[in-house]
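Trainee: Got a minute to walk through this one with me? I'd like to practise reading it off step by step.

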Amino acid sequence: MAAPWSAKSVLGVLNGLSRRLYFDDETMTDEFLREQVEYEGSAEEFTAVLRRYETILTSIAAAHMEFTQLQAFLSSQTKKRENPLSAEDVPVFQKFWKSQRVKIHESLVRRSRAGGQLTDLSWRIDVKSKARHVDQINQPTAIVEMQIDQTSGKDREILRFEMDEQHTKDMLQHISDIQGQIDKFTK
């Protein structure tokens, strides 16, 4: 099914679809996209074209296609018997994917992550000058602050805590154990 509009309009539709599919932009409705490209056909025809583009775009994104894979895939889409992609649309898809590939991939990775992600870590060492017990005075303490971004990317949590020397050694041992397991699986 060839798109009855210009390459600029096809690119606009692809950008709108990607914003809706991968960046949670709810303003990119079918009606909005139809108005933006000034589509003159029926709403059903436009919806069919959108679904076709959406299917192609999700296939490309799911496979995180390199340029040569993309060329082969788009070529096969032009040879389909039902709803083939027009030859004029191929360079538009290529241009779009070249500029959006990394952003879409990062969005998919962010969505697939379970829980949050550590995005910042800061620390300092304090020495206690006042304490209830004399043996706690002049003892170094690590003050740690971790910033954790949730999967949605909208929620941010800040975790602050103190560690004495023994707690720091214990934590470093646990991190060393984790690194050992990761190394074991990557070799």
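Mentor: Sure. Before we start, buried means under 20% relative accessible area, exposed over 50%, and partly exposed in between. Keep in mind that this is a predicted model.

Trainee: Okay, is Asp25 buried or exposed?

Mentor: The cut-off for buried is under 20%. Asp25 has a relative accessible area of 14%, so Asp25 counts as buried.

Trainee: And which residue does Asp25 pair with in a salt bridge?

Mentor: Side chains of opposite charge can pair when their charged atoms come close. For Asp25 the N to O distance in the salt bridge is 2.5 Å. The partner is partly exposed, at 39% relative accessibility. That partner is Arg19.

Trainee: Next, Glu54 and Arg20 meet in a salt bridge. How many residues apart in sequence are the parts this pair ties together?

Mentor: Their side chains meet at 3.6 Å, N to O. Glu54 lies in helix α3 (residues 43-63) and Arg20 in helix α1 (residues 7-22), so the pair ties together parts whose separation in sequence is 34 residues.

Trainee: What about Arg51, which residue forms a salt bridge with it?

Mentor: The closest N and O atoms are 2.5 Å apart. The pair links distant parts of the chain, with Arg51 in helix α3 and its partner in helix α2, 21 residues apart. Arg51 is partly exposed at 33% relative accessibility, whereas the partner is buried at 14%. The partner is Asp30.

Trainee: Which residues do salt bridges that share partners join into one network?

Mentor: We've already met two of the pairs, Glu54 with Arg20 and Arg51 with Asp30. Salt bridges that share partners join these into one network: Arg20, Asp30, Arg51 and Glu54.

Trainee: Moving to Leu33 in helix α2, which residues does it touch, leaving out those up to four places away in sequence?

Mentor: Leu33 is buried, with a relative accessible area of 3%. Leaving out residues up to four places away in sequence, Leu33 touches Gly12, Gly16, Leu17, Met28, Phe46 and Leu50.

Trainee: Last one, on the whole chain: what radius of gyration does it have?

Mentor: Along its principal axes the C-alpha trace spans about 85 × 40 × 20 Å. Of the 187 residues, 28% count as buried. A compact globule of 187 residues would have a radius of gyration near 16 Å, but the protein chain has 26 Å.

Conventions. Residues are numbered from 1 along each chain as its sequence is written. This is a predicted model: local features need pLDDT of at least 70, side-chain atom pairs count only at pLDDT 80 or more; totals for chains, interfaces and linings use all residues. Side-chain values use heavy atoms; hydrogens and water are left out. Buried means under 20% relative accessible area, exposed over 50%, partly exposed in between (1.4 Å probe, protein chains only). Contact means heavy atoms within 4.5 Å. The radius of gyration is taken over C-alpha atoms; the globule rule is 2.2 Å times the number of residues to the power 0.38. A salt bridge is a side-chain nitrogen of Lys or Arg within 4 Å of a carboxyl oxygen of Asp or Glu. Helices (H or I, at least four residues) and strands (E, at least two) are DSSP runs, numbered from the N terminus.
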